[in-house]
Amino acid sequence: WADGLPLRRFEDLQAENEKTVEKMIKLSEDYNAKVVKEEGKTAEELVVESAGKVDPQRHLQDKVEELMSANILQCLGTMLNTVVF
């Protein structure tokens, strides 16, 4: 049952968190630019324009979930180690 709760070095987790947040900042800027660009266009124009392009909203959601799950697992593992060991 403990296989899903390995503790990582806090320095490594912090470095990964910083990289992920930087990516999230870039994705949020891209998403904001996309929303501004989409104003006043019809649904059909939006579908044609977005075909084959990266969806910054979806990638932003993925990064948020990745960041939250990594930090939650680290916190849970730390608390369990504190209480159990």
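The legends below accompany several views of one predicted protein model.

**View 1. The whole chain, with three helices and zero strands.**
Followed along its sequence, the predicted protein shows the pattern α-α-α. Among these elements are helix 1, which covers residues 10-38, helix 2, which covers residues 43-50, and helix 3, which covers residues 56-84. The C-alpha atoms fill a box of roughly 60 × 25 × 20 Å when the box is taken along the principal axes. The radius of gyration is 19 Å, whereas a compact globule of 85 residues would have a value near 12 Å. Where the chain makes contacts between residues with a separation of 6 or more, 84% of those contacts involve residues 24 or more positions apart.

**View 2. The surface of the protein and its charged side chains.**
The accessible surface comes to about 6800 Å², and carbon and sulfur atoms account for 60% of this area. Of the 85 residues of the protein, 14% count as buried. The protein carries 11 positive and 17 negative side chains, and the centres of these two sets are 4 Å apart. How many salt bridges does the structure hold? There are nine salt bridges in the structure, and Views 3 and 4 show examples.

**View 3. A network of salt bridges that links Arg 9, Glu 11 and Asp 12.**
Side chains of opposite charge can pair when their charged atoms come close. In this view, the side chain of Arg 9 forms a salt bridge with that of Glu 11, at 3.4 Å from N to O, and Arg 9 also meets the side chain of Asp 12 in a salt bridge, at 3.5 Å from N to O. Arg 9 is exposed, because its relative accessible area of 53% is over the 50% cut-off. Asp 12, with a relative accessible area of 39%, is partly exposed.

**View 4. The salt bridge between Glu 49 and Lys 41, with helix 2.**
The side chains of Glu 49 and Lys 41 meet in a salt bridge with a distance of 2.4 Å from N to O. Are these two partners buried or partly exposed? Glu 49 counts as partly exposed at 24% relative accessibility, and Lys 41 likewise counts as partly exposed, at 31% relative accessibility. Helix 2 itself, which spans residues 43-50, is hardly covered, since the count of buried residues among its eight residues is zero. Just after helix 2 comes Gly 52, which takes a positive phi of about 80°.

**View 5. Gln 74 in helix 3 and the residues in contact with it.**
Gln 74 is found in helix 3, and this residue is buried, because its relative accessible area of 5% falls under the 20% cut-off. Which residues are in contact with Gln 74, once its neighbours within four places in sequence are left aside? They are Pro 6, Leu 7, Arg 8, Phe 10 and Leu 13. Gln 74 is also 18 residues apart in sequence from Pro 56, and the C-alpha atoms of these two residues are 27 Å apart in space.

**View 6. Distances in sequence and in space for Glu 29 and Gln 57.**
Glu 29 lies in helix 1 and is partly exposed, with a relative accessible area of 49%. Along the chain, Glu 29 and Pro 56 are 27 residues apart, while their C-alpha atoms are separated by 8.9 Å. Gln 57 is found in helix 3 and counts as partly exposed at 33% relative accessibility. Gln 57 and Gly 40 are 17 residues apart in sequence, and in space they are 19 Å apart from C-alpha to C-alpha.

Conventions
Residues numbered from 1 in each chain as written. Predicted model: local features only at pLDDT ≥ 70, side-chain atom pairs only at ≥ 80, totals over all residues. Heavy atoms only, no water. Helix = DSSP H or I, 4+ residues; strand = E, 2+ residues; numbered from the N terminus. Rg over C-alpha atoms; globule rule 2.2 N^0.38 Å. Buried < 20%, exposed > 50% of the residue type's maximum accessible area, 1.4 Å probe, protein only. Contact = heavy atoms within 4.5 Å. Areas by Shrake-Rupley, 256 points an atom, 1.4 Å probe, with all protein chains shown as cover. Lys, Arg positive; Asp, Glu negative; His and termini not counted. Charge placed at Lys NZ, Arg CZ, Asp CG, Glu CD.
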